[in-house]
Each structure stands twice: as structure tokens, then as C-alpha cells.
Amino acid sequence: MSDDCVEIEGKVVAVLPGTMFRVEIANGHQVLAHISGKLRKNFIKLTVGDKVKMEMFPQDLEKARIVYRLKNTDAPRPIPRRSFGPRR
């Protein structure tokens with residue numbers, strides 16, 4: 001994290017094309033956010049309703065970078081079924 005970044009939490013409201021998200025912060029303001037490289041690299045999936053931690057620059061309060069998906073106890077996630085090919 002850079003020295004001049006502000007960390008803030010929000011909730012994903014809409015999933016947009018190109019790994020962009022509309023995120024609403026606590027005061028009701030909505031920002032346009034993209035996911036960081038670490039989330040992309042580790043295939044972290046984000047859906048509507050997820051709580052996320054973001055970094056914002058004080059100069060531009062309309063954009064943010066999502067750096068972490070917080071544990072969401074409100075919406076239980078189904079366990080992903082992984083297919084490793086046909087069983088012999």
C-alpha cells in the first residue's frame with residue numbers, strides 16, 4: 001500500500017465488464033473499482049453483495065482498487081465442485 005492511499009470498506013453493488021465493479025461505501029457514495037493483481041492471480045471471485053477492502057487516492061474519489069474480499073457471513077457461498085476429469 002502506498003503512503004498516500006486511503007483504505008476503505010464497501011459492498012459490491014454491480015459487476016461490470018472488464019473486471020470492473022460498482023462498490024457502495026458506508027456513506028452511500030458509489031465508486032468504480034477494479035481488482036488488484038493479487039486477486040486476479042489467485043482467481044478470487046467477486047459477486048454482488050461481497051464486502052471488500054479498497055484503496056483510494058484522495059485526489060480521485062471516484063475510482064478505487066479492490067485489494068481484499070472480506071469474509072461475508074450474510075451470504076453463504078456454495079462449496080465449489082471441482083472436476084478433475086472422468087474417474088476410472
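## Ser36 and the five-stranded barrel

Ser36 is buried, with a relative accessible area of 10%. That value earns the label because buried means under 20% relative accessible area. The model described here is predicted.

Along the chain, Ser36 lies in the loop that connects strand 3 (30-35) with helix 1 (37-41). Its contacts beyond the neighbours within four places in sequence are Arg65, Ile66 and Val67. These contacts can be set beside the strand that holds them: strand 5 covers residues 60-69.

The protein chain contains 1 helix and 5 strands. In sequence order the pattern reads β-β-β-α-β-β. The 5 strands close into a barrel, arranged in the order 1-2-3-5-4, with mixed pairing. From one strand to the next, the twist averages 50°.

The elements with stated residue ranges are listed below.

| Element | Residues |
|---|---|
| Strand 2 | 20-25 |
| Strand 3 | 30-35 |
| Helix 1 | 37-41 |
| Strand 4 | 51-57 |
| Strand 5 | 60-69 |

Strand 2 and strand 3 run antiparallel and are joined by 5 bridges. Within this pairing, Phe21 has Ala33 of strand 3 as its bridge partner.

Phe21 also belongs to the largest nonpolar core, which has 14 residues. Phe21, Val23, Val52, Met54 and Ile66 are the residues with the most contacts inside that core. Strand 2, strand 3, strand 4 and strand 5 each supply at least two of the core residues. In soluble globular proteins, nonpolar side chains tend to be buried together.

Met54 shows what one of these core residues touches. Setting aside neighbours within four places in sequence, Met54 is in contact with Val6, Glu7 and Ile8, and with Val23 and Ile25. Its other contacts are Val31, Ala33, Ala64, Arg65, Ile66 and Val67. Arg65, Ile66 and Val67, then, are contacts of Ser36 and also of Met54. Ala33, the bridge partner of Phe21, is likewise among the contacts of Met54.

Ring interactions were examined as well. A search of the whole structure finds 0 aromatic pairs. A charge does sit over a ring, however: the charged end of Lys53 is over the ring of Tyr68, 5.5 Å from its centre.

Two figures describe the chain overall. Of the 88 residues in the protein chain, 25% are buried. Among contacts between residues at least 6 apart in sequence, 49% join residues at least 24 apart.

Technical notes
Residues numbered from 1 in each chain as written. Predicted model: local features only at pLDDT ≥ 70, side-chain atom pairs only at ≥ 80, totals over all residues. Heavy atoms only, no water. Helix = DSSP H or I, 4+ residues; strand = E, 2+ residues; numbered from the N terminus. Buried < 20%, exposed > 50% of the residue type's maximum accessible area, 1.4 Å probe, protein only. Contact = heavy atoms within 4.5 Å. Phe/Tyr/Trp six-rings, centres within 6.5 Å; stacked < 30°, edge-to-face > 60°. Lys NZ or Arg CZ within 6 Å of the ring centre and 35° of its normal. Pairing = 2+ DSSP bridges. Axes fitted to C-alpha atoms, helices over the stretch in contact; angles between N-to-C directions. Core = buried A, V, L, I, M, F, W, Y, C linked by side-chain atoms within 4.5 Å.
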